[in-house]
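Hi everyone, thanks for coming. Today I'd like to walk you through how a protein sits against DNA, so please take a look at the model on the screen.

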2 protein chains.
Amino acid sequence: MKKNTSILLAEDDLNLGQLLQTFLKSKGFDVSLAQNGKTALERFHEGSFDFCIFDVMMPEMDGFTLAKEIREIDKQTPILFLTAKAMKEDKLEGFSLGADDYLTKPFAMEELLARINAILRRVDTSDEEEDGSRMIGSIKYEPELRLLHLKEETKKLTTKENQLLTLLVKNQNDILDRQAALRAIWGDDNYFNGRSMDVYIAKLRKALKGDESIEIMNVHGKGFKLIVKDSE
Amino acid sequence: MKKNTSILLAEDDLNLGQLLQTFLKSKGFDVSLAQNGKTALERFHEGSFDFCIFDVMMPEMDGFTLAKEIREIDKQTPILFLTAKAMKEDKLEGFSLGADDYLTKPFAMEELLARINAILRRVDTSDEEEDGSRMIGSIKYEPELRLLHLKEETKKLTTKENQLLTLLVKNQNDILDRQAALRAIWGDDNYFNGRSMDVYIAKLRKALKGDESIEIMNVHGKGFKLIVKDSE
DNA sequence: TTTGCCCGTTAAAAAACGTTAAGCCCAGAT
DNA sequence: ATCTGGGCTTAACGTTTTTTAACGGGCAAA
């Protein structure tokens, strides 16, 4: 069963926000609407989205800062900015932050849709399955359902376990920076959150012990690295 | 099992960066994307890459400086530069720094791919195995997994041990400059880091003691040299 | 050959990480 | 309102990794 592509929409103007949400839903997307950057960031780290649409000017946290935070731990997910003014500097800053596209208000709904589809067509080459699941070695992982399908049993992950594993998987074979991960999941990288994270690393190691080819390696003082040795 | 050739891509424009990453991944490469020269350098020293693609103009540290730093301790790994302008001086400077090729934006993806493959075909004369491991005398060394397979047991190396041994191996039978190694691993070549390095040299000598034909020789005031006497 | 710096080695101290378990908090059930 | 269980944090203790210290020997230049 193919799942809908899910969109995180951050727009402080509730009027416009709901309009967009309704429109996109009617086109078959799952849309989560946040009214400011801060809640959008939390939503992003909690859930699992295939696409982001951020208004540039928002209270609490503007769209650019939001994008910057997200890019620390996720360099993949496409981001499209909405802005009221057609300022060139904004545009440039946006692109340097990893924006995939840019739309100036007011815009036609159909144009937004066209751009979303164009970007999705272009970037959709991840090793993610149609239903949103992916394989870690021989273990099937469903981030949305927080499920880990081992050979024998199926484990249910908690929120934090799931968030951490998602980050590790996004950075598979590459280093997941300690501080970045802490800020992403705990919001703050103090001592105690650090120890908490270590506890969760231990939990994940235990959970993934079913497959010997999987290893969560520590890089002293830097972070962790999820390694899947290619089995012959 | 053959492992993918891994590419370190340094490109500050995340838009182009992701595009390239996605494209190269689809062609079977492992691609690590860094957004500036400084993180690219750290990434290089921590990981183990077969190929480098550097944008010339980047914040924090430009592509040329990055290449210069890397060439201090690695004269092998191919480097290809990307530049916005077709300046002849840039080109010359690039080649004098040990660039293997040069590409001016905008360029066609397929051209990039062709050049990468051409270079890899040309320079692929290392004694590295298909799976990324290599032999040091009679000892099998897997840098990615930080493993040293002795006759009897298998030793796990720590982050620092692994980084240092990687540098020594890259400069096998050639001198590894003390200061360069310190900057590469410790980021700074002060007195204490120097002593720390000496401690790690001692650890590695002990770890490699299993094979009498291996020697880490000191070159007074210069650095160290990994020597493997050819066993008859 | 003597002086100063550099290196070899071992040990102790400090920092980071691994693991287990106890305590806390909160939502849902009673 | 109280009980209960799951999830998260904090604590405590052990281990590993890295740094710093201390001391002795070696090398090279004057």
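Let me start with how we sort residues: Ala, Val, Leu, Ile, Met, Phe, Trp, Tyr, Cys and Pro count as nonpolar, Asp, Glu, Lys and Arg count as charged, and the others, Gly among them, count as polar. And when I say a residue is near a strand, one of its heavy atoms lies within 4 Å of that strand.

Some housekeeping. This is a predicted model, where local features need pLDDT of at least 70, side-chain atom pairs count only at pLDDT 80 or more, and totals for chains, interfaces and linings use all residues. Residues are numbered from 1 along each chain as its sequence is written, chains are lettered from A and ligands numbered from 1 in the order in which they are written, and side-chain values use heavy atoms, with hydrogens and water left out.

Let's take DNA strand D. It has 21 residues around it, and the closest are Thr158(A), Trp186(A), Thr158(B), Trp186(B) and Phe192(B). Those near strand D split into 8 nonpolar, 8 polar and 5 charged. What share of the strand D atoms within 4 Å of the protein belongs to sugar or phosphate? That share is 78%, and the rest belong to bases.

Now some polar contacts, meaning pairs of N or O atoms within 3.5 Å; within protein, one must be able to donate a hydrogen and the other to accept it, and residues adjacent in sequence count only if both atoms are side-chain atoms. Thr158(B) has a side-chain N or O atom 2.3 Å from a phosphate oxygen of strand D. For Trp186(A), a polar side-chain atom is 2.9 Å from a phosphate oxygen of that strand.

On to DNA strand C. Of the 21 residues around it, Arg195(A), Arg205(A), Arg178(B), Arg195(B) and Arg205(B) come nearest. Here, sugar and phosphate make up 62% of the strand C atoms that come within 4 Å of the protein. The residues near strand C divide into 5 nonpolar, 6 polar and 10 charged.

What does Arg195(A) reach on strand C? A side-chain N or O atom of Arg195(A) is 2.9 Å from a base nitrogen. Arg205(A) instead has a side-chain N or O atom 3.0 Å from a phosphate oxygen of strand C, and for Arg205(B) the distance to a phosphate oxygen is 3.0 Å.
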